[in-house]
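Visitor: Could you take me through one part of this structure at close range, and show me how that part sits within the whole?

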Amino acid sequence: MDVTSTSTSTNIKYKDFADAVPIGRAFTDTYAVAAGVVSGLGTGDGNYSISGASGLENAYLIDGVNITNTGFGGIGAYNINYGSLGTGVTSEFLDEVQIKTGGFEAEYGQALGGIINTIVKSGTNDFKGSVSWYSSPSSLQSSRQLIKLDGGASNRVNEDVQDFAFSVGGPFVKDKLFYFFAFNPVLTTHRVTAQALTDPAFTAASAGVSVFDETAPTGFDAPTALAFPSAGREFDRKRTSNNYAGKINWQVSPKQQIEFSFFGDPSTGKTGPQRGTAVQYGDFASGGGDSEIKYGSDNQTLKWSAVFTPRFFMEAQIGHHAGKFRETSALDQYSYTDLRNTLEFFRGADSYDPGGGPVPLTLEPVTERRGGIGFISNQDDKDTAYSVKMTNVFGKHEVKYGLQYDDISYRDTATYTGPSFDVQFPVSDPLTGAPVDADANGFQDTVNVPTRGGGLVNVRNGIGTDVAVAYDSANRFRVIRAGLGPELPPTKATEIGGFVQDTWQILPRVTVKAGVRMSTEAVEGAGSFTLPFGTQNITLFGVTNRIFTPGTSTYTPDSYVFAGNLAPRLGVTWDVLGNGKSRAYMNWGRYFERVPNDLAIRALSNEVGISRQEFNDRDLTTPRLSPNGPTTCSDGAGGTNSCTPLVGVLSQGVDKTNVVGGTKLPYEDELSAGFAFEVTPNSSFEVRTIYRTQGRALEDVQVNAIEQIQNFYYGYSYGYPYDPFGGSSGTPQSASFPAATFGSYELANPGTKNVPKGGLFTFPKPNRRYKSLEFIYTKRFSDNWSVYANYRFSRLIGNYEGLFRNDNGQSDPNITSLYDFPNSPLMSGQFTSGPLPADVSHVLHVYPSYQFANKLRLGANFSWASGVPRTSMLAHPSYQNSGEIPGINPTYAYWADPGNSGNPANFVLRKTKSLGAAYDDNVELTAGVTDPDFLKPVQYQAPRQWRLAARWEF
């Protein structure tokens, strides 16, 4: 027992633990056994919530190499479309794992959650090796419970894993030079299928309704009664990870050692249904929705350890992490999402007209897809770290100090499948804002700008002449995302950190640990370019808005330095019995976040594009004209004429995201304490407690209230049963919420003085409080048995999850939508403090083993966790997407959800029975429309399965 340690941590000697109890083979399975570690929910495999933080707030170190994804903060390969793809480091490579859940020493930073520190195996003077095979065939698994939703779902019906491992280690030169090498390919096959649902459009199409005539430029056929033609058939999703590791140790002298390690997990996913939605493509048979992926990382580190004198020693290291993700769509076509069934369901249509009058029709909100996979995010993720740590012993003081420099490069080449097309920006007069028709052809002039790649296209239709009759209006093709400008070079970030820590034996049985960490992080965007259109802000009716004009727009990146991050640490330990067999400890520390470089892409670079333009044809050549017809236009020479305007185009990224002066890094404060003692020479017991609170957060904000923005775009009442904005039919622009456009984004610290000025409402302080009480019992193997067990009781309360939002599934660290609007009446529900999604109150782990006289060993793995809070969620009133706002405030009564008798009144609906299942808690599909899948399961626990293994050691 280390009676001077103030950290709350779990150390696992992997071979002893894995040989005793059954756990998963992945590196990430090893740290799930520690107290304080629970599922991060939406952050995926391996990205656990540790001590209350979200799954994107941990640091992962292997042989000193930081393998944390520099873009998002996840482990290994992490992609915005796929989430966590994990890391291929398996148990074959591991020697020891240390899971720090709190009480970090001053030498550790860059994390608000936990720190996972792992050591790769080393060679020795003995020549040793192993050949292993592990198999989890689908034939030895229980049946999976299938997900059934009104909108349709994809299901994994079984899984097959074949895991081969080879390792060898020994001396090159006895007592001097050693080696260890391992290769561990893992082949995984998931069989997936789509839920069987009928396509409401098929009945109408088979009756000859022309909008579904494939020969027409605006038609999409409905060739089968099945919404998803792949339903009932199984398709293989194959992925292979070629994991490897190696280490060379050179004992230069009795006092100096050089260590070189390398490891990685280059992985591929064969062309097929790699994305979960692929089997829901109507043209799957010709490759619709299919793609190929390549991902993983390669890592190397060189370490020099030296003992210069018995009281002065050093460790210097260079570590390099290089990760990548690549995806190629099987079809290079626009990604079409057919929303017509869903729109008609929204409108309440109950019939269609094949030509002889309305005929009854039962609608389901089925969304079909066709074409390419759509948005592709190809990434390069690099981090080279240089560090030196020294230790001096002066009497009763052991002083450790050091410096670390991280050089980070992150590139996200975002594009969309399909050919380039022209975005046709409508030209307006800079004096009057009127449409311009300078060539007098009767239509508004445009500035045409080619896109980079294709786009995401929604197939829509209008209400038609009768809202109750489906499919009685022309189709339109709405581009909801497309990019402009060139591919951007990599963004950069650097972090310089230094620390000093004194371990002072103030009394024979009392040790004080005092330290401080200082860091500076500089984040830089990337890319300078111009685009052939101009923009101008003009004031109309007292409101400033943007118009498009001929000309050019120039874009340059920004940068920002988060300096002066002072993180003190103070702890004290007491050897209670004075014999080195017990310790009582207390520790206080402040921890700062390392900002992931997704922020450099999204906020400090220039992602210029559009979020809306409508076309009349699927090839995106003819823009849709205003249904209101001709109006008075400018002739471009000071006069007027008559022309028909285009339906408006909405741009993105035209304005930079500014940084409010004085904005600083997020941090949290922690107070931890515990008592540990040896029960017997081979067993120990520990009780400990952790309290964490969010001190500061970093988010992007804009100051205009959502009520003001809705007033600008839609005027009084916005069609709600009553007016929540304070206006009236006689005064559509209310005094309470004067109309305003969406403001410019600014990076800020909500809840502090470092926020933009000028808004009518404030930004509440982010709140996240974590309290835990943990009990840990460990018995090392003796008398034929061993056990490791822990129990945790905790609460996680607040209004701010952190870098990942589980309510709406958003993975944009530090720039989520939570603070896009200030705390006005419509937004107040999301700032109410309550149980956060990862609030798992009770967690119990028990890992016993027993060895019989004949050397047969029996081990067990028992893990149980209570469920998570469930909150009724309303859709966002501006963005329209579901899962944004808790349904608790009477203000939200204006959403009259048909068939649901209004919104649920309770903030927390109930706890899930376990972490193994998840439910659709979204009251609405979009603002004002009930989600028919509300309260249905959207995920089930993985079924029981057997793993076969054979191993030969030599």
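Guide: Happily, and let me start with the whole. The radius of gyration is taken here over C-alpha atoms, and the globule rule is 2.2 Å times the number of residues to the power 0.38. For a chain of 954 residues a compact globule would have a radius of gyration near 30 Å, and the protein chain has 30 Å, so the two agree. Please keep in mind that this is a predicted model. Along its principal axes, the C-alpha trace spans about 95 × 60 × 50 Å.

As for what fills that span, the protein chain holds six helices and 60 strands. Buried residues account for 56% of the 954 residues. Counting contacts between residues at least 6 apart in sequence, 73% join residues at least 24 apart.

Now for the close look, at helix α4, which covers residues 340-347. Its buried residues are Arg340, Asn341, Thr342, Leu343 and Glu344. What do these residues pack against? Their partners are one helix segment, α3 (200-206), together with the strands β18 (335-338), β21 (368-371), β26 (455-461), β27 (469-470) and β28 (475-483). Just after α4 comes Gly348, whose phi is positive, at about 85°.

For a companion to the helix, let us visit a single residue in a strand. Thr8 lies in strand β1, which runs over residues 8-13. Buried means under 20% relative accessible area; Thr8 has a value of 0%, so this residue counts as buried. A polar atom of the Thr8 side chain lies 2.9 Å from the backbone nitrogen of Gly102. Leaving aside residues up to four places away in sequence, Thr8 touches Ile99, Lys100, Thr101, Gly102 and Gly103, and also Tyr585, Ser672, Arg688 and Ile690.

Finally, a word on the empty space inside. A search of the whole structure turns up seven cavities of 30 Å³ or more. The largest cavity holds about 130 Å³ of space. It is lined by 16 residues, and those closest to its centre are Asn58, Thr68, Gly73, Gln110 and Arg594. Sorted by class, this lining has six nonpolar, seven polar and three charged residues.

Key
Residues numbered from 1 in each chain as written. Predicted model: local features only at pLDDT ≥ 70, side-chain atom pairs only at ≥ 80, totals over all residues. Heavy atoms only, no water. 1 Å grid on protein atoms, 1.4 Å probe; cavity = no way out; pocket = protein on both sides within 12 Å on 5 of 7 lines; lining within 4 Å. Points joined across faces, edges and corners; volume = space filled by probe spheres on them. Nonpolar A, V, L, I, M, F, W, Y, C, P; charged D, E, K, R; others polar. Helix = DSSP H or I, 4+ residues; strand = E, 2+ residues; numbered from the N terminus. Buried < 20%, exposed > 50% of the residue type's maximum accessible area, 1.4 Å probe, protein only. Polar contact = N/O pair within 3.5 Å; in protein donor to acceptor, adjacent residues only side chain to side chain. Contact = heavy atoms within 4.5 Å.
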